[in-house]
Amino acid sequence: MKKVVLSGVAPTGTLTIGNYLGALKNWKEMQKDYDCLFMIVDMHAITVRQDPSSLYNRCISFATQYLACGIDPQESTIFIQSSVSAHSELAWILSCFTHLGELNRMTQFKSKAKRYSSNINAGLYTYPVLMAADILLYQTDIVPIGEDQKQHLELTRDIAQRFNNLYGEVFKLPEPYISQMGARIMSLLDPTRKMDKSDSNPNNYIALLDEPDVVRKKIRHAVTDSGSEIRVDERKPGISNLLTIYSCLSEQPVSKLEERFAEKGYASFKEELAELIIQTLKPIQKEYRRLMDNRDYVIDLLQEGAKKARTRAERTLREVKKRIGFLYLTQDQQ
Ligand code: TYM
């Protein structure tokens, strides 16, 4: 039996090379060896106001980008979170096993509450409980994520452990998989904070669908640091970030790149980096366009994915309800 891998992206903003390097690239590499489920977590997206038609289209676009990045629907299950109602059911149950103190500690909640101060809704606060439900429903072994989601995974484990202590071994305890490189790609104009797909200034990120000229311009304008040395150094966050991106995309160690660019200036390093990004994105964009001309195919895949996911999720949910003492009747018994 293959181990279960599960992950997801919230359909907000636009997918960036941060999402690619922190998540999607790893997903693609894991799907041969693991039983993989990849979601588009639209229920998480509505913790911030969304325009309905944009949300609808973005879910299709993100699913298509998953496919274009190499997620193979024959190997992996791809689905939209809201099409599996067990997620919200389990989230409610788990919220009764989550302490306010735990949610108060979530750094993502604190930063989102600042950013969306006119709409600090309960969903924004309980978001990590829904994420725990996403993961625990599928008896997940491994969750490939970027560094920013680590705290949510730790909470997921704590909730699962608490439930198991009370009711017996119902949930598997998931492990995070955070790659050493690429787990925290930083913003291009402010490399002290992470690259964010919902950033109001698109010059802070490279989107997977950015045209070559846009990539060149954004990389040219990316903040570098004083001095001219091309090396990773915590006092040089700008150039360190660009080197990290280069290293992840080329799969060459940073030390080798530092040697290679030792005699070169920032400008020629940036030019080469831009070309590397463009070459990486080219086949993804080509496949994306081809698939977007076949939207019905993508929608069918999502429907099939939801069906598979529903069956699996229902198994865990039924067990949870039984253990709690809910009078659970299957369809046949009703
Ligand atoms: P989200 O949508 O913010 O991000 C999706 C994935 O991309 C990673 N990521 C990054 N990695 C490296 N550098 C960056 N700058 C960067 N920005 C984002 C994130 O770590 C994430 O892996 N709560 C989650 C979605 C979610 C989920 C789940 C994930 C909901 N349920 C269950 C795993 C399992 C989120 O908002 O990710």
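## Where the ligand makes its polar contacts

Which residue has a polar backbone atom 2.7 Å from a nitrogen atom of the ligand? That residue is Ile-185. Please keep in mind as you read that this is a predicted model. Another backbone contact involves Met-195, where a polar backbone atom is 2.9 Å from a nitrogen atom of the ligand. A side chain takes part as well: an N or O atom in the side chain of Asp-148 is 2.5 Å from an oxygen atom of the ligand. As for burial, the ligand has 720 Å² of accessible area on its own, and the protein covers 97% of that area.

## The shell around the ligand

There are 28 residues around the ligand, and those that come nearest are Tyr-127, Asp-134, Gly-146, Asp-148 and Ile-185. Two of these names, Asp-148 and Ile-185, will be familiar from the contacts above.

If you sort the shell by class, you will find 14 nonpolar, nine polar and five charged residues. In terms of secondary structure, strand S1 (4-9), helix H1 (17-30) and helix H7 each give two or more residues to this shell.

## The largest pocket

What does the ligand sit in? Its site is the largest pocket, which holds about 1100 Å³ of space. The lining of this pocket is made up of 48 residues, and Gln-108, Asp-148, Gln-149, Lys-194 and Lys-197 are the closest to the pocket centre. Asp-148 therefore deserves a second look in your viewer, as a residue close to the centre whose side chain also has the 2.5 Å contact with the ligand.

Several elements give two or more residues to the pocket lining: S1, H1, helix H2 (42-45), H6, H7 and strand S4 (142-144). H6 supplies the largest share, with five residues. By class, the lining divides into 18 nonpolar, 18 polar and twelve charged residues.

## A cavity beside H6 and H7

How many cavities of 30 Å³ or more does the count give? The count comes to one, and the volume of the largest cavity is about 50 Å³. Helix H6 (107-115) and helix H7 (122-136) are the elements that give two or more residues to the lining of this cavity.

The lining residues are Met-106, Gln-108, Phe-109, Lys-112, Leu-124, Tyr-127, Pro-128 and His-152. By class, five are nonpolar, two are polar and one is charged. Two of them link back to the earlier sections: Gln-108 is among the residues closest to the centre of the largest pocket, while Tyr-127 is among those that come nearest to the ligand.

How values were computed: Residues are numbered from 1 along each chain as its sequence is written. This is a predicted model: local features need pLDDT of at least 70, side-chain atom pairs count only at pLDDT 80 or more; totals for chains, interfaces and linings use all residues. Side-chain values use heavy atoms; hydrogens and water are left out. On a 1 Å grid over the protein atoms alone, a cavity is a set of points where a 1.4 Å probe fits but cannot get out, and a pocket is an open set with protein on both sides within 12 Å along at least five of seven lines; lining residues have an atom within 4 Å of a point. Grid points are joined across faces, edges and corners, and a volume is the space filled by probe spheres set on the points. Helices (H or I, at least four residues) and strands (E, at least two) are DSSP runs, numbered from the N terminus. Ala, Val, Leu, Ile, Met, Phe, Trp, Tyr, Cys and Pro count as nonpolar, Asp, Glu, Lys and Arg as charged, and the others, Gly among them, as polar. A residue is near a molecule or strand if one of its heavy atoms lies within 4 Å of it. A polar contact is a pair of N or O atoms within 3.5 Å; within protein, one must be able to donate a hydrogen and the other to accept it, and residues adjacent in sequence count only if both atoms are side-chain atoms. Accessible areas come from the Shrake-Rupley method with a 1.4 Å probe; for residues, only the protein chains shown count as cover. A molecule sits in a cavity or pocket if more than half of its atoms lie within 2 Å of its grid points.
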